[in-house]
Amino acid sequence: MRERSLPSWAPTLGVAIALSALVAWSCAHRYAQLTETPFPVGVDGYFYPIQLRSLLATGHLQYAASPLTFWLMAPLAAATDPITGAKLGAALFGALVALPAYAVGGRLARSRGAGLVAAAVATTSAGSAFMTFEFVKNGVGLTIGLLAVWLLLRQVERPSRARLAAFVIALVAAFLAHKMAAAIVIVIAVPALVAHAAGRGTLRGRRLLYTLLGIAVVSGGAIALGVVFPQRFLSPLDVGLVGDAWTGRAHWDAPALVRPNATLTMGHEALLGGLCAVIAALALYRRTRPLLRDPTPPKRSSGETAAAWAIVVLALAIALPWLAVSDAQALGFRLRVAAFVPLAICAALAVRALLGLVPRIVAVPPARWPVLRELCAAALAVAIVVAMPRDRTEGRIVTHPALVTAAFALAGRVPAGDTVIVPERHIAYMAAWYAQVAVSTRPDAIDRAHRWRLMPLAYIGDHTPLDDALLAARRQPGLAPPIGLHPRHPDGLVLVAEPTWEWILAQLPARDRAHYARWPTY
């Protein structure tokens, strides 16, 4: 009796259903966590509604930023409102990372099941969830960046002008979403394209000269864009971030952020990514590959192999214990949060390699093993989704309703044309959203006659010399009194005119006066 086999379209349909379910579940779960509060979530939570409000009203962004994320969110905001649209966009485009993660992981591992493992890891990771609350542009950029990597792999597998054009468009889109995501794509693309060209024997003579000239022109153009638009594109200023990304103090558990009062681990995904990268490297290196004794090792082109090595090296670099993670604004923290991207791809490569050992341990009919291998990998992907924690809210910042009331109370207090100087970015964006005033975190570029200081109690400190000076200023004749906006504390959120602020500084002890005169921001 002949064995009945599945139709050729069955695996494709099964994967499509699995990925659709994963994206829908992840989007709903992320949106539910975002809507646990009616207010925007995260330090930059109000930044996105402000940008969307300006984009819908005027056609341009209020603040200079990589624009693609806001363009993608704009239809959602137009159909609802800026806050809801921002939350819907963050949830949707964060969940969509499953699709390119599957595509890249599955192609490099030559396994649909391993691709599902990559999708499961990326979608349920702590880093991806964090980018739904914070670094939303970066999260969108990484989704687009993985799409660009997949298009690159298709190009090096079977080159064509259409595939090359698709990759270039995706790379430009990654640049327009977030410059770190674009940098990651470039780190993977350059060795892949060079290895592909070298493997075809095309990097010689005049073509080599044209290639070097093209790289020089593109690099020069990228640098020029970075100089003109440093907030939107990679700029010479970002080179300094790389040098500052390392420290002599090692953190062997590879946390994402270490502060005196808190540590964010992000599920130790950077460490897990490093471990998976080691296994993937053993499977890629020709001298150690036979140790895995895979009877059907995946066959990759030279370009695909170079891309896989680039991802492995990226995962190992992010996992190094000497990465500086003490500053929430530094490169180290952002790389550790983004560690789920190389982790997902390296996990796919590692699973494919380790499953190759099974036929050497357990007697499996060779004809059935390819199907069984895919089923085992798919079962592992399901197990990852089921086992991963549902509460991925580590590091999430939720706005207190009393602070919202205080920001509302700012409306009408500041004359038109004046600027509110705020030391904390979150509150600055709240002031811009609710009171629609001009804000800045630094006073230097603002004329003294048009400055107002807005300070929260966390900046002032309860029962500190600054707190006492603010209370004393309210009793000083001829001085514009500080305006308490907070419903629960006179200095919970206080607005101070610049002449009053100068009088307050003069009342402080020398050490405190020097500290607040520098106007430290956070």
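Start by selecting W246, W252, L320 and W322: together they make a nonpolar patch on the surface, with about 470 Å² of accessible area among them. Keep in mind as you click around that this is a predicted model. Zoom in on L320, which sits in the loop that runs between α15 (302-319) and α16 (331-337). Its relative accessibility is 34%, so L320 counts as partly exposed.

Next stop, the salt bridges. A search of the whole structure turns up 11 of them. Pick D44 and R425, whose side chains meet in one of these, at 2.6 Å from N to O. D44 is in the loop between α1 (10-34) and α2 (47-58), while R425 belongs to helix α21 (residues 425-434), so this pair ties together parts that are 381 residues apart in sequence. Is D44 buried or exposed? Buried, because its relative accessibility comes to 17%.

Now jump to R451, in strand β5 (residues 451-456), and show E498 along with it. The two form a salt bridge, with the closest N and O atoms 3.2 Å apart. E498 lies in helix α24 (residues 498-507) and R451 in strand β5, so here the parts being tied together are 47 residues apart in sequence. E498 is buried, with just 2% relative accessible area, and R451 is buried too, at 17%. Their side chains also register as a polar contact of 3.2 Å. To see what else surrounds R451, leave out residues up to four places away in sequence and display its contacts: T419, I421, P443, D444, I446, A497 and E498.

For another charged spot, select R163 and E157. They form a salt bridge with the closest N and O atoms 3.9 Å apart. R163 is buried, with a relative accessible area of 16%, whereas E157 is partly exposed at 36%.

Then head over to T263, in strand β2 (residues 262-264). With 41% relative accessibility, T263 counts as partly exposed. Add G395 to the selection: the C-alpha atoms of T263 and G395 are separated by 9.1 Å, though the residues are 132 apart along the chain. Beyond residues up to four places away in sequence, T263 touches P255, L257, V258 and E394.

Last, the cysteines. How many disulfides does the structure hold? Zero. Select C276 and C346 to check one case: the closest cysteine sulfur to that of C276 is the one in C346, and at 6.9 Å that is too far for a bond. C276 itself counts as buried, at 18% relative accessibility.

Methods:
Residues are numbered from 1 along each chain as its sequence is written. This is a predicted model: local features need pLDDT of at least 70, side-chain atom pairs count only at pLDDT 80 or more; totals for chains, interfaces and linings use all residues. Side-chain values use heavy atoms; hydrogens and water are left out. Helices (H or I, at least four residues) and strands (E, at least two) are DSSP runs, numbered from the N terminus. A polar contact is a pair of N or O atoms within 3.5 Å; within protein, one must be able to donate a hydrogen and the other to accept it, and residues adjacent in sequence count only if both atoms are side-chain atoms. Contact means heavy atoms within 4.5 Å. A disulfide is a pair of cysteine sulfur atoms within 2.5 Å. Buried means under 20% relative accessible area, exposed over 50%, partly exposed in between (1.4 Å probe, protein chains only). Patches are made of residues with over 30% relative accessible area and no salt bridge: like charges are joined within 9 Å, nonpolar side chains (Val, Leu, Ile, Met, Phe, Trp, Tyr) within 5 Å. Accessible areas come from the Shrake-Rupley method with a 1.4 Å probe; for residues, only the protein chains shown count as cover. A salt bridge is a side-chain nitrogen of Lys or Arg within 4 Å of a carboxyl oxygen of Asp or Glu.
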